[in-house]
Amino acid sequence: MADLNNDTIAAIATPPGQGGIGIIRISGAGSFAVGQLIFVRAGKGENAGKKFGENYQPKARRLYFGYIVDMEGRELDEVLISFMPAPYTYTCEDVVEINAHGGVVPLGNILKLINGMGVRLAEPGEFTKRAYLNGRIDLLQAESVMAVINARSAKGLYSSMQGLKGSLSRELSQLGEALLGLLAAIAADADFPLDDLQPVDYCRLQERVERLRETGVLLRRRGARGRILQEGLKTVIAGKPNVGKSSLYNLLLNEDRAIVTAVPGTTRDLLTDFINLRGIPLRLMDTAGLRRYGDAVEQIGMEYSRRAIDSGDLILFMVDLAYGIDREDIWVYENLPRGKGQALIVIGNKIDRPRLVTSEALSSFFPEEEVVEISAMTGAGMEDLEEAIVRQTFSGEVGGAEEALVLAARQALILDELVSSLDDAAAALADGYPLDVVAIDLQQAYAKLQNLFGKELPGDLLDHIFRNFCIGK
Ligand SMILES: Nc1nc2c(ncn2[C@@H]2O[C@H](COP(=O)(O)OP(=O)(O)OP(=O)(O)O)[C@@H](O)[C@H]2O)c(=O)[nH]1
Ligand SMILES: [Mg+2]
């Protein structure tokens, strides 16, 4: 790895395109020198038209108004510039920030000028990577930076902010300390095996491992909830043709996105869109109606439907109460994937029309399921449906009332491994294995925790993590 102290980097920190303001950030030991070379002050004071230099240093963290000038003294843009000395900066290094006009050309020209002075263009996430390598934040916090940027809902943002502030790190540190405590108790027992004055209390040990396991499982559940907040709950409207799926899709979206006709088999392609339903982001999908026999195009559409339904978190299974429930409906229902933790709501549609199926009959068809009645045409019953969705989303498998935890994919994976090491430890204890076997599982769990914080991670994995960041962050 390059010597960080000599390696000065720069990037445009604002999104590409046009905007009122565009920010260029320079970080590293050379940043002040570069900032001083390219900036002249504006205004009417005695320093107007002057560059900062040996005898005239900028004050720390103050905004100065002036111009960026190139080597020939040409003014490239009118800017505000600030000089922020290490270590109290984002990267813990000397940082210069230039607030220029947010156009592609002015920002590009300034960056080119800086680059020409030997400053390297920053890789994606490199500023945050430096904050991590310089010890200002741990890896969990660094990953939360991206979660904050990618937040799709107020709840998701709140949860990501907890990660950024280090609340998750603190919770995991406590888990780590408890693990170390356990390991120490076991080690002490191994050192004095014959000292029966104070043998390790096996039951007590079991209790402690169980408590740790529960903590891990809870974290994992909260992570599942966080994933929904971040990625959206994949919600698939399914049912036989013509029951009103696309009508509901349009109603939830509040716009005529899907084609609705009285002809069965209207929808062929999968449609998908994000909506925010009472603070829960839903990735809503409209699917082609399912039936046993259909033409070639329909068959392909139905294949898409199947795949969408199989990967859904929540299935809205719709029937037409005005038409009645027939064998086709039951065939679709029976072929819905269950058991992978998918939630399901049965929707009886078209209650604005004379109905062939009473509420009692509908419930008795699907005694195990949550049932809601609506009219996708008039909007009747939509409150009930929304409430049912909220209930199904944050109950059971998908997450309890606990606070959500937005985890990066890497973190969720490691958390899974951590829980399974704790599972192994609990099982080993239950089966009466010797304590050194239990200790191996606990050590493994502890190693996973360390990985979460970014300790003992190979450098290329670290590069991989930060590569998913945006440029300039
Ligand atoms: N009266 C009434 N008609 C409805 C209601 N919902 C949908 N419809 C009508 O039912 C027909 C089918 O609606 P769609 O939304 O296209 O049904 P679909 O399930 O998407 O159908 P496919 O795409 O063919 O699978 C259209 O004529 C709609 O206007 C409702 O609540 N009440
Ligand atoms: Mg449709």
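**Exercise 1. Sort the residues that line the largest pocket by class, then work out where they come from.**

*Solution.* Start with chemistry: the lining of the largest pocket holds 14 nonpolar, 11 polar and 11 charged residues. Keep in mind as you go that this is a predicted model.

Next, take the volume, which is about 960 Å³ for this pocket. Of its 36 lining residues, Arg-227, Glu-231, Leu-407, Ala-408 and Ala-409 are the closest to the centre.

Now look for the elements behind the lining. Two or more residues come from each of helix H4 (139-149), helix H7 (202-231), H13 and helix H15 (459-467). H7 has the largest share, with 7 residues.

Finally, step up to domains: domain 2 (154-228 + 408-453) and domain 3 (232-398) each contribute at least three residues to the lining.

**Exercise 2. Describe the second largest pocket: its volume, its lining and the class make-up of that lining.**

*Solution.* The volume first: about 500 Å³. Then the lining, which has 30 residues; nearest the centre lie Asn-242, Gly-244, Ser-247, Val-260 and Lys-350. Helix H8 (residues 245-253) gives the most, namely 4 residues. By class, you should arrive at 10 nonpolar, 13 polar and 7 charged residues.

**Exercise 3. How many cavities of 30 Å³ or more does a search of the whole structure find, and which residues line the largest cavity?**

*Solution.* A little background helps here. Rolling a probe the size of a water molecule over the atoms reveals where space is left empty.

The search of the whole structure turns up 1 cavity of 30 Å³ or more. The largest cavity holds about 40 Å³ of space. Around it you will find Leu-140, Leu-168, Leu-172, Leu-219, Leu-405, Leu-407, Gln-411, Leu-415 and Leu-452.

Sorting this lining by class gives 8 nonpolar residues, 1 polar and no charged. At least two of the lining residues come from helix H6 (167-191), and at least two from helix H13 (409-430).

**Exercise 4. Is Ala-33 buried, partly exposed or exposed, and what surrounds the helix it belongs to?**

*Solution.* First, place the residue: Ala-33 sits in helix H1 (residues 31-38). Its relative accessibility is 47%, so Ala-33 counts as partly exposed; the cut-offs are under 20% for buried and over 50% for exposed.

Then turn to the helix. H1 is mostly covered, with 6 of its 8 residues buried. These are Ser-31, Phe-32, Val-34, Gly-35, Gln-36 and Ile-38. Their packing partners are strand S2 (19-27), strand S3 (39-41), strand S4 (63-69), strand S5 (75-84), strand S6 (95-102) and helix H2 (104-116).

As a last step, check a distance on the model. Ala-33 and Phe-52 are 19 residues apart in sequence, and their C-alpha atoms are 9.2 Å apart in space.

**Exercise 5. Why does the chain count as more spread out than a compact globule?**

*Solution.* Begin by taking stock of the chain, which has 15 helices and 13 strands. Its radius of gyration is 30 Å, whereas the globule rule gives 23 Å for 473 residues; the value is well over the rule, so the chain is more spread out than a compact globule.

The spans of the C-alpha trace along its principal axes are about 90 × 75 × 35 Å. As for burial, 47% of the 473 residues are buried.

To finish, consider contacts between residues at least 6 apart in sequence: 68% of them join residues at least 24 apart.

How values were computed
Residues numbered from 1 in each chain as written. Chains lettered and ligands numbered in written order. Predicted model: local features only at pLDDT ≥ 70, side-chain atom pairs only at ≥ 80, totals over all residues. Heavy atoms only, no water. Buried < 20%, exposed > 50% of the residue type's maximum accessible area, 1.4 Å probe, protein only. 1 Å grid on protein atoms, 1.4 Å probe; cavity = no way out; pocket = protein on both sides within 12 Å on 5 of 7 lines; lining within 4 Å. Points joined across faces, edges and corners; volume = space filled by probe spheres on them. Nonpolar A, V, L, I, M, F, W, Y, C, P; charged D, E, K, R; others polar. Domains from an automatic or database assignment. Rg over C-alpha atoms; globule rule 2.2 N^0.38 Å. Contact = heavy atoms within 4.5 Å.
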